[in-house]
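Colleague: I'm new to this one, and I'd like a close look at a single part of it. Could you pick a spot, walk me through it slowly and show me how it sits in the whole?

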Amino acid sequence: MIKELSVKTHSHSELVNITGLVQEAVSESKVTEGVCIVFVPHTTAGVTINENADPDVKSDILMKLDKLVDWNDRDYRHDEGNSAGHIKATMTGFSQSVIIQNGQLQLGTWQHIYFAEFDGPRSRRVKVKII
Ligand code: ZN
């Protein structure tokens, strides 16, 4: 089963918690033991797993990525002007795999799944494959 999720982002750079939507897809699939693959079919957005308890972790990740990947670097050659978005997406990656046990995503206590927007705001898609 493949499920497509819609994610609307509201900022230029943003981490959107999609754990609930992904768990919903797992529950709908009725798969109790398996693997859930979350795939982002975009080139300036990715998906990552990190802490949900302290919101400062999210903002620290975005702040540090901003410092590491300068949006206004004059050496970029890509015409569209969004090379920083492409680079950050490559840094986070485009898919995550999470083990399913007893019908539940086996994330750690502090882990959640984040859609990572790096050239928003936009309407985005996420594909979820449960096997
Ligand atoms: Zn581009």
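**The zinc site and the helix beside it**

Modeller: Let's start with the whole: residues 24 or more positions apart account for 81% of the contacts in the protein with a separation of 6 or more. Keep in mind that this is a predicted model. There are three helices and eight strands, and from the N terminus on they run β-β-α-β-β-α-α-β-β-β-β. The protein's radius of gyration is 15 Å, which agrees with the value near 14 Å for a compact globule of 131 residues. The C-alpha trace spans about 50 × 30 × 20 Å along its principal axes, and 41% of the residues count as buried.

Now for the part I'd pick, the zinc ion. Four residues coordinate it: His-78 and His-86 through NE2, Glu-80 through OE and Asn-82 through OD1, at 1.9 to 2.2 Å. Along the chain, these donors follow the spacing H-x1-E-x1-N-x3-H. The angles among the four donor atoms go from 92 to 147°. A tetrahedral site needs all angles between 85 and 135 degrees, and a square planar one needs opposite donors over 155 degrees apart, so this site counts as irregular.

How open are the donors? Glu-80 has a relative accessible area of 54%, and it counts as exposed because the cut-off is over 50%. His-78, at 36%, is partly exposed.

The donor His-86 brings us to helix 3, which covers residues 83-92. Its buried residues are Ser-83, Ala-84, Gly-85, Lys-88, Ala-89 and Thr-92. There's a handy rule to hold against that list: an α-helix has 3.6 residues a turn, so residues three or four places apart point the same way. The buried residues of helix 3 pack against strand 4, helix 2 (55-68), strand 5 and strand 7. Just after the helix, Gly-93 takes a positive phi of about 90°.

Ile-87 is also found in helix 3, yet it isn't on the buried list. Its relative accessible area is 35%, so it counts as partly exposed, in between the 20% and 50% cut-offs. Not counting residues up to four places away in sequence, Ile-87 touches Val-69 and Tyr-76. The C-alpha atoms of Ile-87 and Val-69 are separated by 7.4 Å, although the two residues are 18 apart along the chain.

Next, the nonpolar packing. The largest nonpolar core has 22 residues, and those with the most contacts inside it include Ile-18, Val-22, Cys-36, Leu-105 and Phe-115. Helix 1 (19-29) gives two or more residues to this core, as do strands 1, 3, 4, 5, 7 and 8. Three of these, strands 4, 5 and 7, are also among the elements that the buried residues of helix 3 pack against. A second, separate core of seven residues includes Leu-15, Leu-65, Ala-89 and Phe-118. Ala-89 is the one to remember, as it's among the buried residues of helix 3.

For a look inside the largest core, try Leu-105. Leaving aside neighbours within four places in sequence, Leu-105 is in contact with Thr-19, Val-22, Gln-23, Val-26, Cys-36, Val-98, Ile-99 and Ile-113.

So if you follow helix 3, you'll meet His-86 holding the zinc ion, and Ala-89 in the second core.

Technical notes
Residues are numbered from 1 along each chain as its sequence is written. This is a predicted model: local features need pLDDT of at least 70, side-chain atom pairs count only at pLDDT 80 or more; totals for chains, interfaces and linings use all residues. Side-chain values use heavy atoms; hydrogens and water are left out. Donors are N, O and S atoms within 2.8 Å of the metal (3.2 Å for Na, K and Ca); water is not among the atoms, so sites may look incomplete. Four donors count as tetrahedral if all angles lie between 85 and 135 degrees; four count as square planar and six as octahedral if opposite donors are over 155 degrees apart and all others between 65 and 115; anything else is irregular. Buried means under 20% relative accessible area, exposed over 50%, partly exposed in between (1.4 Å probe, protein chains only). A nonpolar core is a set of buried Ala, Val, Leu, Ile, Met, Phe, Trp, Tyr and Cys residues joined through side-chain atoms within 4.5 Å. Helices (H or I, at least four residues) and strands (E, at least two) are DSSP runs, numbered from the N terminus. Contact means heavy atoms within 4.5 Å. The radius of gyration is taken over C-alpha atoms; the globule rule is 2.2 Å times the number of residues to the power 0.38.
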